[in-house]
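Visitor: I am new to this structure and would like a close look at a single part of it. Please take one pair of packed helices and follow what is attached to it.

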Amino acid sequence: MDFTPSEEQAAAQGLAARIFGDLSTHERLTAAGTGTDAELWKELCAAGLPAAVEDVGLLGLVLILEEQGRTTAQVPLAATCVYGLLAVAAHGTPEQRERLLPGLRDGTAVATGAFPARGGVHIAEDGALYGAVPWVPWLRDATHVLVADAERGPWIVRTGEPDVTAVPVETTAPWSAGRLVLDGVRGERLGNGQPGAYADVLATARTAFAGLQAGVCAGSLARAVHHTVTREQFGRPLSTNQGVLLRAADAHMDTEAIRVTAYEAAWRHDERRACAAQALTAAWWASEAGKRVVHAGQHLHGGTGADLDHPVHRHFLWGRQLDAYLGCGGEVLEELGLLLAHSSQEGAS
């Protein structure tokens, strides 16, 4: 395995770091409230970052999302790339790719996904889609949503259709989420209904959002380190206390575990190797370790960490949102165990 970024991947990550660092400031995030930073999204698209994902692959996307997570930038980058660009590029028909990809590349179209499938959407005899999904991230910004039916078949639905309703929902993280209601809408199948499309998109999403969680944790830890180094108590910095050092060290190791497992899953995906188990492993670390890191980051700020207006609190909310998105730790671990047991049985036979 070689996780060393290519020249193109490193360039994309560096560009993302510069844009997010310059524009996703505490003041702008405060002004955005729970909505999307539209100007930042325009800047990212003008720089060609969403379009670059097709070239830099899933590992490149993970690197870019790390930079977003460090600043908790409020843009639908992960959702658009996972449920739009990569899903259509990998599984769409030639006609779908020609029609949908240009808008997703330049940001005039925004995609999201009603994932994972929980049986809330079904197909009627006439082929129309009915059902509801309690919450979908970035739904209020989306022009297209990738919906999985009860049989785990992915469908592309335009949010502007009269039979589609998006009811605003506030979550712990400000992701412009909404409740999706389908009342007989005519969606279009992603691709030709080939098997494995749903599983591949879900694995891709879990890997990408694990990368986002790695960035959220890294940003939280960086803020905690700065606070404990500069804040003095009894005449010395907080960082000189052994308990503080150990807590920060544990958070660092947890963050690295999230990062390396996300890198492995993304690398295997790009190399066309089996990556289902690795994606679940990355998702488990993102859930279990992620919540530990953002809790540590907030605790190491002491009373300041309880201030809802302090930037570290935003990392805490994002980390807790991500630890349950696409399956919490226990759910993911159960799924991983069933996958490994099934693989073992197949090997034995």
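Guide: In this predicted model, helix α4 covers residues 49-71 and helix α7 covers residues 197-230. Two packed helices are described by the distance between their axes and the angle between them. For α4 and α7, the axes come within 7 Å and cross at roughly 35 degrees. The crossing of α4 past α7 is right-handed. On the α4 side, the contact is made by Leu58, Leu61, Val62, Leu65, Glu66, Gln68, Gly69 and Arg70. On the α7 side, the residues are Thr204, Thr207, Ala208, Gly211, Leu212, Ala214, Gly215, Val216, Ala218 and Gly219. Sorted by class, this contact holds nine nonpolar, seven polar and two charged residues.

Arg70, one of the contact residues of α4, also takes part in a salt bridge. Its partner is Glu67, and the closest N and O atoms of the pair are 3.4 Å apart. Both residues belong to helix α4, where they are three residues apart, about one turn of the helix. Their surroundings can be compared by accessibility. Arg70 has a relative accessibility of 32%, so it counts as partly exposed. Glu67 has 11%, so it counts as buried.

A second salt bridge ties α4 to another helix. The side chain of Glu54 meets that of Arg105 at 2.6 Å, N to O. Glu54 is in helix α4 and Arg105 is in helix α6, residues 94-106, so the pair links distant parts of the chain, 51 residues apart. Both ends are partly exposed, Arg105 at 32% relative accessibility and Glu54 with a relative accessible area of 28%.

Beyond α4 comes a loop that leads to α5 (77-91), and Thr72 lies in this loop. Most residues other than glycine have a negative phi. Thr72 is not a glycine, yet its phi is positive, about 50 degrees. Thr72 is also buried, because its relative accessible area of 1% is under the 20% limit.

Trp138 can be set beside Thr72. This residue has a positive phi of about 60 degrees and is not a glycine either. Trp138 sits in the loop between β3 (129-136) and β4 (144-148). With a relative accessible area of 3%, Trp138 is buried. Another loop, between β1 (111-114) and β2 (121-123), contains Pro116. Most peptide bonds are trans. The bond that joins Phe115 and Pro116 is cis, with omega at about -5 degrees.

To return to salt bridges, a search of the whole structure finds 17 of them. One that lies away from α4 is formed by the side chains of Asp323 and Arg320, which meet at 2.6 Å, N to O. Asp323 and Arg320 both lie in helix α10 (residues 311-324), three residues apart, about one turn of the helix. Asp323 is buried at 4% relative accessibility, whereas Arg320 is partly exposed at 33%. Salt bridges that share partners also form a network, which joins Glu66, Glu67, Arg70, Glu256 and Arg259. Two members of that network, Glu66 and Arg70, also appear among the α4 residues in contact with α7.

Methods. Residues are numbered from 1 along each chain as its sequence is written. This is a predicted model: local features need pLDDT of at least 70, side-chain atom pairs count only at pLDDT 80 or more; totals for chains, interfaces and linings use all residues. Side-chain values use heavy atoms; hydrogens and water are left out. Axes are lines fitted to C-alpha atoms, for helices over the stretch in contact, and angles run from 0 to 180 degrees between N-to-C directions. Helices (H or I, at least four residues) and strands (E, at least two) are DSSP runs, numbered from the N terminus. A crossing is left-handed if the near helix is turned anticlockwise from the far one by less than a right angle, and right-handed if clockwise. Contact means heavy atoms within 4.5 Å. Ala, Val, Leu, Ile, Met, Phe, Trp, Tyr, Cys and Pro count as nonpolar, Asp, Glu, Lys and Arg as charged, and the others, Gly among them, as polar. Buried means under 20% relative accessible area, exposed over 50%, partly exposed in between (1.4 Å probe, protein chains only). A salt bridge is a side-chain nitrogen of Lys or Arg within 4 Å of a carboxyl oxygen of Asp or Glu.
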